[in-house]
Amino acid sequence: MIRGRDSKRAEIHKLLEDQIPSNLSSYIPHSWWYIGDVLIISIPKQLLDFKQVIGEAFLQVEQGKARSVFGKVGPTRDIIRTPEFTHLAGDTDSETIHKELSCQFNIDAAKLTFSPGNHGERKRLIDIVQKNEFIIDMFSCVGNLSLPLAVNSEPIKIIAAEINPLAFRYLKKNIKLNKIENRMIALFGDNRTVLSEFQNQADRVLFGYFKGDDQQKRLAIRLCKKGGTIHFHEIVPAKEEETDTMIKKIKALIEQEIRTTKEITFKRVKKFSPGMNHIVFDVKIN
Ligand SMILES: C[S@@+](CC[C@H](N)C(=O)[O-])C[C@H]1O[C@@H](n2cnc3c(N)ncnc32)[C@H](O)[C@@H]1O
């Protein structure tokens, strides 16, 4: 019998009943996610002293599926987006293979970012990419957005840039693991430098990084050929006028590059935090 998450939540609460003071039980995480066989939960600061017993409870309830349990105990930091995860239970090794959309993502789940909430966007891209496109992924990580395109949308050519040596190592491994060496190339370094030779060549540019600056956004515009599309990912307050403001900013950058906006549409990828949405802007330019 397949058990639902509600029944598992109830069991986790039962297991923790005698171990966590009753005034803190409302903080027990009620959601969890997987990267491969690594189960991840967010640990609120009120429960930091109990994080190990919480991890053990999740491991017990998810036995057979979870090999190890890690807790998110702080925000994702720095340019290279290092998540703050700590080991809670099970195997201490956080390297895993996450399977999704016919791809295998080899990744260190505790040291790199891979958002389960972006699954819909990864799938949407597969559906909209056309044959023979040349795609540039400016912020690749382990191939989060572009690997599924290389695997599912042949024939295609992808250049993927990544500045974090650890993420780059997995990106290279994933290209081999998924047998896509003939259509995906990884470039190590700052996208501002390593991508500059591809100006006016891309049918599609993936800008999957909220912290990218205007200089990088202008590079994305320059990389895109006439009639091409850029996918800008942004965190935007959940108010209509804020989305309009963002569209105006993007249009201004396009004008600064002496290019014209053909069409801008947008889509909510996920709720990012209270009052904030992760939005992808699909920007077609001439
Ligand atoms: C938040 S992750 C996003 C990964 C993926 N695009 C996604 O949407 O799931 C951003 C990645 O961009 C990389 N990065 C940040 N600045 C960069 C730069 N200047 N050049 C190349 N990669 C960069 C980081 O190391 C990190 O792996």
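Two strands count as paired if DSSP finds at least two bridges between them, and both helices (H or I, at least four residues) and strands (E, at least two) are DSSP runs numbered from the N terminus. The model on your screen is predicted, so local features need pLDDT of at least 70 and side-chain atom pairs count only at pLDDT 80 or more, while totals for chains, interfaces and linings use all residues. Residues are numbered from 1 along each chain as its sequence is written, and side-chain values use heavy atoms, with hydrogens and water left out.

**First stop: strands β7 and β10**

Select residues 134–137, which form strand β7, together with residues 202–207, which form strand β10; the two run parallel and are joined by three bridges. Within this pair, look for D137, which stands opposite L206 in β10. Strands of a sheet pair through backbone hydrogen bonds, either parallel or antiparallel.

**Second stop: the sheet of seven strands**

Now widen the selection to the open sheet of seven strands, whose order is β9-β8-β7-β10-β11-β13-β12 and whose pairing is mixed. Because β9 (184–188) and β12 (261–273) stand at the edges with a single partner strand each, one side of each is left without a neighbour in the sheet. From one strand to the next, the twist averages 15°, where axes are lines fitted to C-alpha atoms, for helices over the stretch in contact, and angles run from 0 to 180 degrees between N-to-C directions.

Add helix α3 (residues 119–128), which lies across β10, β11 (224–237), β12 and β13 (276–285) and runs at about 165° to β11. Then add helix α5 (residues 165–177), which packs on the sheet and touches β8 (157–162) and β9, its direction making about 165° with that of β9; contact here means heavy atoms within 4.5 Å.

**Third stop: the sheet of four strands**

Move next to the open sheet with the order β1-β2-β3-β4, which has four strands and mixed pairing. Its edges are β1 (33–35) and β4 (82–90), each with a single partner strand, so one side of each is left without a neighbour in the sheet. Neighbouring strands of this sheet are turned by 35° against each other on average, direction ignored.

Select β3 (residues 68–77) and β4, which run antiparallel and are joined by seven bridges, and find K72 standing opposite F85 in β4. Helix α2 (residues 51–61) packs on this sheet, where it touches β2 (38–42), β3 and β4, and its direction makes about 70° with that of β4.

**Fourth stop: between the two domains**

Colour domain 1 (5–93) and domain 2 (114–285) separately, as the domain assignment of the chain gives them; such bounds come from an automatic or database domain assignment. Their C-alpha centres lie 31 Å apart, and the contact takes six residues from domain 1 and six residues from domain 2. How many salt bridges are there between domain 1 and domain 2? The count is zero, a salt bridge being a side-chain nitrogen of Lys or Arg within 4 Å of a carboxyl oxygen of Asp or Glu.

**Last stop: a salt bridge in helix α1**

A search of the whole structure finds 18 salt bridges. To see one of them, select R9 and D6, whose side chains meet in a salt bridge (2.7 Å, N to O). Both residues lie in helix α1 (residues 5–16), three residues apart, about one turn of the helix.
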